[in-house]
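Here is a reader's note to go alongside the sequence and the model, set out as numbered points. Each point takes up one helix pair, one core or one residue.

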Amino acid sequence: MRKQIVAGNWKMNNDLSQTDALISDLKGKTRTSDAEVMIAPTFTNLYAASQALKGSDIEVVAQNMHFAENGAYTGEISAGMLKSIGVNTVILGHSERREYFNETDELLAKKVDAALAKGMRVIFCFGEELADRKASNEETVVGDQIKNALFHLEAAAFQNIVLAYEPVWAIGTGETASPEQAQDMHAFIRKTLADKYGNNIADQVSILYGGSVKPSNAEEIFSKPDVDGGLIGGASLNADDFFAIVNAF
Ligand code: PGA
């Protein structure tokens, strides 16, 4: 059985006291689903968050990392540094990283390798822009993003990869892909994996949907057979909304 996962991407929100406050709210929530739950606070609050959530069933994950082990990369953070504070999962390839920080498939392939080499789990994000969808190019774009960054990997590496399909036009816009659009793309992604690595691998990889998931639409999106969870931005900043989404499974 594939893992069901709901991950909250806090992006550049919440200072230390707001992080503490949101974590105590999250700890007070009742869980009725078996989905794995993750939150991704900003770097400065990862240590505090991982300490505050030690022993809980909420995992603290990072929003990004550098590919090098260490060295002259001012302002950057390595996989080893994350692991040393108890962070074992990293989000890579978010469309905001691609758009504002020029992260390319080639760079992301190096980051994925570096994370896996340290035994980390990767939530690898990708998705088409509105113009791609309007031109009916979404499958080509998404297929290329996956192939370019991941298809150099051995099949076994996919035990530590979670995919997150996030159509750029649906991120932070309030516009969600319809459950059917999400399912169609997730089925395409799984087939792309199956064609390269076989059905066994393809069936084991969790594929999350991201883009304006909220309490009101989560259940319908998560009910689709190839949607294994969500990467949640805005709605993860409120404990009630986030847990309503977690409990939508
Ligand atoms: P959103 O963000 O839920 O605010 O649309 C999703 C994401 O960027 O991961």
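1. The model is a predicted one, and the points below should be read with that in mind. A convenient place to begin is the pair α7 and α8, which are oblique to each other. Helix α7 covers residues 138-150 and helix α8 covers residues 179-197, and the two pack at an angle of about 40° with their axes 11 Å apart. An angle counts as oblique when it falls outside the ranges under 35, over 145 and 65 to 115 degrees, so the packing angle of about 40° belongs in that class. The crossing in which α7 passes α8 is right-handed.

2. Which residues make the contact between α7 and α8? From α7 come Glu138, Glu139, Val142, Gly143, Ile146, Lys147 and Leu150, while α8 supplies Met185, Phe188, Ile189, Thr192 and Tyr197. Sorted by class, this contact of α7 with α8 holds seven nonpolar, two polar and three charged residues.

3. Helix α7 also packs against helix α5, which is made up of residues 105-117; here the angle is about 50° and the axes are 7 Å apart. That angle makes α5 oblique to α7, and the crossing of the two is right-handed. On the α5 side the residues are Asp105, Leu108, Ala109 and Val112, and they meet Asp144, Gln145, Asn148, Ala149 and Leu150 of α7. The contact of α5 with α7 contains five nonpolar, two polar and two charged residues. Leu150 is thus listed in the contact with α8 and is listed again in the contact with α5.

4. Leu150 appears once more in the account of the nonpolar interior, where the largest nonpolar core has 67 residues and where Phe124, Leu150 and Leu163 have the most contacts inside it. Helix α8 gives the most to this core, with six residues. A second, separate core has twelve residues, among them Ala40, Cys125, Val162 and Leu231.

5. What does phenylalanine 124 touch, once residues up to four places away in sequence are set aside? Its partners are Leu92, Arg98, Leu108, Val112, Gln145, Ala149, Leu150, Val162, Leu163 and Ala164. Of these, Leu108 and Val112 belong to α5, and Gln145, Ala149 and Leu150 belong to α7, where they take part in the contact of the two helices.

6. Alanine 164 is placed in strand β6, residues 161-165, and counts as buried, at 0% relative accessibility. Apart from residues up to four places away in sequence, alanine 164 touches Ile123, Phe124, Cys125, Phe126, Leu208 and Leu231. Along the chain, alanine 164 is 66 residues from glycine 230, yet their C-alpha atoms are 7.6 Å apart in space.

7. Turning to α1 and α11, these helices pack at an angle of about 45°, with their axes 9 Å apart, and they are therefore oblique to each other. Their crossing is right-handed. Leu22, Asp25 and Leu26 of α1 meet Ala239, Phe242 and Phe243 of α11, which gives five nonpolar residues, no polar ones and one charged residue.

8. Aspartate 25, in helix α1, is partly exposed, with a relative accessible area of 44%. The C-alpha atoms of aspartate 25 and aspartate 240 are 8.3 Å apart, although 215 residues separate the two in sequence.

9. Is isoleucine 245 buried or exposed? This residue of helix α11, residues 239-246, is buried, with a relative accessible area of 0%. Leaving aside neighbours within four places in sequence, isoleucine 245 is in contact with Val6, Val213, Lys214, Pro215, Ala218, Phe222, Ile232 and Ala235. Proline 179 is 66 residues from isoleucine 245 along the chain, and their C-alpha atoms are separated by 15 Å.

10. Two backbone angles deserve a careful look. Asparagine 14, in the loop between β1 and α1, has a positive phi of about 80° although it is not a glycine. Serine 212, in the loop between β7 and α10, likewise has a positive phi, near 55°, in a residue other than glycine. Serine 212 is buried, with a relative accessible area of 15%.

Technical notes: Residues are numbered from 1 along each chain as its sequence is written. This is a predicted model: local features need pLDDT of at least 70, side-chain atom pairs count only at pLDDT 80 or more; totals for chains, interfaces and linings use all residues. Side-chain values use heavy atoms; hydrogens and water are left out. Axes are lines fitted to C-alpha atoms, for helices over the stretch in contact, and angles run from 0 to 180 degrees between N-to-C directions. Helices (H or I, at least four residues) and strands (E, at least two) are DSSP runs, numbered from the N terminus. A crossing is left-handed if the near helix is turned anticlockwise from the far one by less than a right angle, and right-handed if clockwise. Contact means heavy atoms within 4.5 Å. Ala, Val, Leu, Ile, Met, Phe, Trp, Tyr, Cys and Pro count as nonpolar, Asp, Glu, Lys and Arg as charged, and the others, Gly among them, as polar. A nonpolar core is a set of buried Ala, Val, Leu, Ile, Met, Phe, Trp, Tyr and Cys residues joined through side-chain atoms within 4.5 Å. Buried means under 20% relative accessible area, exposed over 50%, partly exposed in between (1.4 Å probe, protein chains only).
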